[in-house]
Amino acid sequence: MASQFSGVLQLTDLDDFITPSQECIKPVKVEKKQGKSLAKIQIEDDGSYVQVNQDGGKQKLEKAKITLNDCLACSGCITSAESVLITQQSHEELFKVLNNNKASETEQKVVVVSVSPQSRASLAARYGLSSSEAGRRLTSFFKSLGVHHVFDTSFSRTFSLLESQREFVERFQRKEQDKKTLPMLTSACPGWICYAEKTHGEFVLPYVSTTRSPQQMMGSLVKGYFAEQRGLTPQQIYHVTVMPCPDKKLEASRSDFYLNKAETREVDCVLTSGEVLKMLEEKNVPLNDVQPVPLDTMFSSVTGDEFLTHAGSGSGGYLHHVFTYAAKQLFGEEVKELTYKTLRNKDFQEVTLEKDGVVVLSFASTYGFRNIQNLVQKLKRGKSPYHFVEVMACPSGCLNGGGQIKALPGENQKELLQKVEELYKAEHPQAPEDDTHVAELYQSWLHTVGKERARELLHTQYHTVEKMTNGLAMKW
């Protein structure tokens, strides 16, 4: 089975395996029972594990079911066997919840689906629709299945951009006191974050932005504000996101995004663009045959029946918006258009701001594992010239995520990616500061919960994953 996870999760110490292997710290399930005598575990020729008791009796051991939590807490491999790894992150789980809603009158879940603009563009390209048209038809399709609300993560991304802007200016202003404030590295890509935590730990993590990704911002909104407004507990809501990358399943499973008091995750299930295509195919419903319906506007960036987007890259536009904001706030410069300079390759670009002949801001976008490695090596040598870097694990960024819909036989993948990018950028851009709905939520919601709680809702933290010395994690 070919892995859909980003390349960052399949290299160096994060090798990719089809099933839990001898390198995995939890390869077999061992039932511990009191009073049992000691036994040995041996590996058979076919790779199965057998318990050999002192009396010579043998018992085949069941393979362990490895959850996403196990993988996030482990310094070993990331497995690509979805059947083993992702037991709660599939469209089958969504169907289960929807079927339970139909079967039970007492245990009803309010089902919310939040769709990313990159996924919307991918589905639009497959079916020959505009991105907004695909969004209206997706809303109709999900609601026909029993979903109650369909939101747009461009809306939650506005929070991510605003917080990133403020975080960068604050870091820049204290750069002389703390040498590890800059460069600020974006944190919206979970493949990059997983790699940073497991491979570089405390060296890199201080540079990483604490701002939540759009997916997890939406988690705060849906299980927090939305739940309060509807008189629901977070546990009564089943929140699904549709994302361009399977690494987002790992992000949703982080313990930082688990609500201990409510005993629920902020995002219960992550589907990729490809999995939504599979749902449409299983129901034998082409998206262009679905009758469009009006968009849900509570948590969606829309004007009329058209979606709004953000300027900049197809990975969220972090560099664009942080650069223009910082130029104005720190140096009083209004930047109308950014000039990108391509360095080693198209996935490594930089933007600078000069004042009186001196470079005062130096930003870069770094996509793909090779460029990330170069970035980290420069940081380690103290030779990084940048104040801010937009980091993404996938070459070409999120529009080319591992969960996006692949080209049909005879179709060129590069041409498909170009088409997806055109559809994504065809939507009208809106500056984060101009979103009045988001501004109202800052006033009505975030300012009322207190500064500390507001920070928890908008920001997160990262953790070094220590290397384990374990016989089963060693290469013999």
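Which residue takes a positive phi in the hairpin of β13 and β14? Select that hairpin to find out: Gly-304 does, with a phi near 65°, and two residues sit between the strands.

**Before going further**

This is a predicted model, in which local features need pLDDT of at least 70 and side-chain atom pairs count only at pLDDT 80 or more, while totals for chains, interfaces and linings use all residues. Residues are numbered from 1 along each chain as its sequence is written, and side-chain values use heavy atoms, with hydrogens and water left out.

Show the whole protein as a cartoon and you have 15 helices and 19 strands. Both are DSSP runs numbered from the N terminus: helices are H or I with at least four residues, strands are E with at least two. Of the 476 residues, 55% count as buried; here buried means under 20% relative accessible area, exposed means over 50%, and partly exposed lies in between (1.4 Å probe, protein chains only). Among contacts with a separation of 6 or more, 74% come from residues 24 or more positions apart, a contact being heavy atoms within 4.5 Å.

**Stop 1: around the hairpin**

Stay with β13 (302-303) and add β14, residues 306-309. They pair in the antiparallel sense over two bridges; strands pair if DSSP finds at least two bridges between them. Thr-303 has Glu-306 of β14 as its bridge partner. Now add β19, residues 428-429, which runs parallel to β14 and is joined to β14 by two bridges. Leu-308 stands opposite His-428 there.

Next, select Lys-283, in the loop between α10 (273-282) and β13. Is Lys-283 buried, exposed or partly exposed? Its relative accessibility is 43%, so Lys-283 counts as partly exposed. Leaving aside neighbours within four places in sequence, Lys-283 is in contact with Phe-95, Phe-141 and Leu-145. Try a distance label from Lys-283 to Leu-145: the C-alpha atoms are 9.9 Å apart, with the two positions 138 residues apart in sequence numbering.

**Stop 2: strand β9**

Select residues 237-243, which form β9; seven of its seven residues are buried. Turn on the side chains: Ile-237, His-239, Thr-241 and Met-243 point one way, and Tyr-238, Val-240 and Val-242 the other. Bring in β6 (residues 110-115), which pairs with β9 in the parallel sense over six bridges; Val-110 has Ile-237 as its bridge partner. Then add β12 (residues 269-272), also paired with β9 in the parallel sense, over four bridges. Here Val-240 is partnered by Cys-269.

**Stop 3: the five-stranded sheet**

Colour the strands β8-β18-β17-β16-β15, given in their order across an open sheet with mixed pairing. β8 (184-185) and β15 (341-342) are at the edges, each with a single partner strand, so one side of each is left without a neighbour in the sheet. Helix α11 (residues 318-331) packs on the sheet and touches β16, β17 (358-367) and β18 (388-392). Its direction makes about 165° with that of β17, where axes are lines fitted to C-alpha atoms, for helices over the stretch in contact, and angles run from 0 to 180 degrees between N-to-C directions. Back at the edge, β15 runs antiparallel to β16 (residues 348-355), with two bridges, and Lys-341 stands opposite Glu-350.

**Stop 4: the largest nonpolar core**

Which residues touch the most other members of the largest nonpolar core? Select Phe-168, Leu-185, Trp-192, Leu-361, Phe-363 and Phe-388, out of 44 residues. Such a core is a set of buried Ala, Val, Leu, Ile, Met, Phe, Trp, Tyr and Cys residues joined through side-chain atoms within 4.5 Å. Elements giving two or more residues include α6 (153-173), α7 (190-200) and α12 (369-380), and α11 gives the largest share, seven residues. Centre on Phe-388: among the residues it touches are Pro-183, Tyr-318, Val-322 and Phe-363. Another core, of 38 residues, lies apart from this one and includes Val-113, Tyr-127, Val-242 and Val-290.

**Stop 5: α14 and α15**

Finish with α14 (residues 436-446) and α15 (residues 451-458), whose axes come within 11 Å and cross at roughly 130°. The two helices are therefore oblique to each other. For the contact, show Tyr-442, Trp-445 and Leu-446 of α14 with Ala-454, Leu-457 and Leu-458 of α15.

Methods: Angles under 35 degrees count as roughly parallel, over 145 as roughly antiparallel, 65 to 115 as roughly perpendicular and the rest as oblique.
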